[in-house]
Amino acid sequence: MTLILGIETSCDETGAAVVENGRRIRSNVVATQIDLHRQYGGVFPEIASRQHMITITPVIEQALKDAGVGYDDLDAIAVTYGPGLAGSLLVGVNTAKAIAFARNLPLVGINHLEGHIYANWLIPPDWPHPEPPPEPEFPLLALIVSGGHTELVLMHGHGQYQLLGRTLDDAAGEAFDKVARLLGLGFPGGPAIERAARLGDPASFHLPRAWLGDSYDFSFSGLKTAVLRIVRSFEEKAQAGAHAPRTRLITSQSQPVVPHIPVNNLAASFQEAVVDVLVEKTRRAAEEFGVKMVLMGGGVAANTRLREEMSRRLSVPVRVPPVKLCTDNGAVIGAVGYYRFIAGERAGWDLDVVAGLTLPLINP
Ligand code: KG4
Ligand code: ZN
C-alpha cells in the first residue's frame, strides 16, 4: 500500500489529503477562502497567500488525523508547484519541503492541471460497490475547465498529453465569474449563474458561439462582451424611463445590480452558449481521434448542465468527478502524486513554484 499526502494551495483553497494507491481517498480536508475574497469580487492574491499560511498546518494535521495515519506511515509528499498564484503556491511548496526534509520523505512536484484530470482516477467517496470503478482507459480525451484554464487534451497514457485546443482569451470559469459580476450575482460566479439559470429560459437570448472554424481552440471574451452589451442596453432603457421588462429576478441569495435586467434568462442563455461550445468541440474531437472515453475536470465541470449535455451528446462514456473533486483539493494532487511517484519521479530541494506552468506535452 502506498500512501501519499497531497497538498494544494494554488489559488484560494488550502487542501491536504491522504490518498491510498492513487485511488482511495483516506482523507480530504479543504479550507476555502471564498468568504474572504467575496468582498473583492474575485481572489485577492495577497490575502490568499496569507490565509494559506494560517490554515496550511491545521489542514494537514486534520488530513492525517482523518486518515488515521502519522507522518511515518506516508510514502511521499506530493505538492502543487504550478500553475497558480505564486504567493499561494509558495506556501504549499515550502510546507511540503519542510515536512519532507524533517521526516525524510520523498517529495514529488505536481502540475495542478494534471490534478484536475486525475480526479477521475479517485474512487468517489460515496461509491457504493466493494470493487472500485475501473480505471479510465487510454486513449482518452480530457477537458479541463477551471477558473484559469480551458484545455482539450488527448491523453495517450499516464503523463502523456497532446494539446488539441485551449482558450485564446478567457477561461470558461473566468467567463462565468465575469458574467456573474455583470449580472450582480456575486462570487464565485459559476455556482451563482447555475442557480439563476435554473429559473431562466436558455432560448431567450441568442448569444454568440465562437466556433473558430475547425479549430479545437476556445474563445469566451466575445460572449462576455455580448452579455455586457445587453446589460448596458437594459440600463440605458431603465435610465431613459423606457418600458423595460419587469421581470422579478433571481435566486434567494442574490440581488440584481440594476432592476429590470432579466438576470435568470441571461444567465441561462449564457450558460447554454458556453456548454454548447464545450460539448460540441469535445464531441467532434472524440470522434476524430477515436477515444475510448472523455474525462472532465476543474471547477466548471461541476456545472450540472455541462455534465448532462456532455453525457447526452457524446457516443463514448463520459466520466466526471463528484462536484467536491472538481474544485481544488488535495486528493487530486495525491492521485497524480501516486502515478508520478511509482514512475520514479522525485523533486529536489530546489523545487520552485511556476505560476505559468503548462501541461507536459508530447509531440503529436
Ligand atoms: O478548478 P477551480 O476550483 O479553480 C481553478 O483551478 O481555477 O475552478 C474554479 C472555477 C471558478 O471560475 C468557478 O466560478 C467555476 O470554477 N465553477 C463553476 C461551477 N462551480 C465552480 N462554473 C460553472 N458552474 C458551476 N457549478
Ligand atoms: Zn483548479
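## Helix α9 and its salt bridge

R312 and E309 are both part of helix α9 (residues 304-313), where they sit three residues apart, about one turn of the helix. In this predicted model, their side chains meet in a salt bridge with an N to O distance of 2.8 Å. The two partners differ in how they are covered: R312 counts as exposed because its relative accessibility is 60%, whereas E309 has 4% and therefore counts as buried.

## The salt-bridge network

How many salt bridges does the structure hold? The count is 19. The R312 and E309 pair belongs to a network of salt bridges that links R209, E272, D276, E280, R283, E287, R305, E308, E309, R312 and R313.

E280 and R283, also members of that network, form a salt bridge in which the closest N and O atoms are 2.7 Å apart. Both residues lie in helix α8, three residues apart, which is about one turn of the helix. R283 counts as partly exposed, its relative accessibility being 21%; the cut-off for buried is under 20%.

Another salt bridge joins K178 and E174, with 3.3 Å from N to O. These residues lie in helix α5 (residues 172-182) and are four residues apart, about one turn of the helix. K178 has 27% relative accessibility and so counts as partly exposed; E174, at 26%, also counts as partly exposed.

## Helix α8

Helix α8 runs over residues 263-289 and has 27 residues. From its first C-alpha to its last it reaches 39 Å, close to the 39 Å expected at 1.5 Å a residue. Of its 27 residues, 20 are buried, so α8 is largely enclosed by the rest of the structure. G290 follows the helix and has a positive phi, near 55°.

## Strand β9 and its neighbours

Strand β9 (residues 293-297) is mostly covered, with five of its five residues buried. In a regular strand the side chains alternate between the two faces of the sheet. In β9, M293, L295 and G297 lie on one side and V294 and M296 on the other, and all are buried, so both faces are covered.

Which strands pair with β9? Strand β6 (residues 140-145) runs parallel to β9 and is joined to it by five bridges. Strand β10 (residues 318-319) also pairs with β9 in the parallel sense, over two bridges. V294 appears in both pairings: V294 is the bridge partner of L141 in β9, and V318 is the bridge partner of V294 in β10.

Helix α9, described above for its salt bridge, takes part here too: β9, α9 and β10 make a right-handed β-α-β unit.

## The zinc site

The zinc ion (ligand 2) is coordinated by NE2 of H112, NE2 of H116 and OD of D328, at 2.0 to 2.1 Å. Along the chain these donors follow the spacing H-x3-H-x211-D.

The two histidines share an element: H112 and H116 lie in helix α4 (residues 112-118), four residues apart, about one turn of the helix. Are H112 and H116 buried or exposed? Both H112 and H116 are buried.

## Unusual backbone geometry

Most residues other than glycine have a negative phi, and most peptide bonds are trans. The following places depart from that pattern. The peptide bond from G82 to P83 is cis, with omega near -10°, and P83 lies in the loop between β4 (76-82) and α3 (86-103). F187 and P188 are likewise joined by a cis peptide bond, with omega about -5°; P188 is placed in the loop between α5 and α6 (189-197).

N21 has a positive phi, near 50°, although it is not glycine. N21 is in the loop between β2 (13-20) and β3 (24-32) and is partly exposed, with a relative accessible area of 30%. L212 also has a positive phi, near 55°. L212 lies in the loop between α6 and α7 (221-239), and its relative accessible area of 35% makes it partly exposed.

## Overall form

The protein has 11 helices and 10 strands. Its radius of gyration is 21 Å, close to the 21 Å that the globule rule gives for 364 residues, so the protein is as compact as a globular protein of that length. Taken along the principal axes, its C-alpha atoms fill a box of roughly 70 × 45 × 40 Å. Of the 364 residues, 54% are buried.

Methods
Residues numbered from 1 in each chain as written. Chains lettered and ligands numbered in written order. Predicted model: local features only at pLDDT ≥ 70, side-chain atom pairs only at ≥ 80, totals over all residues. Heavy atoms only, no water. Donors = N, O, S within 2.8 Å, 3.2 Å for Na, K, Ca; no water. Buried < 20%, exposed > 50% of the residue type's maximum accessible area, 1.4 Å probe, protein only. Expected span 1.5 Å × (residues − 1). Salt bridge = Lys/Arg side-chain N within 4 Å of Asp/Glu carboxyl O. Pairing = 2+ DSSP bridges. Right-handed = clockwise from strand over helix to strand, strands pointing away. Rg over C-alpha atoms; globule rule 2.2 N^0.38 Å.
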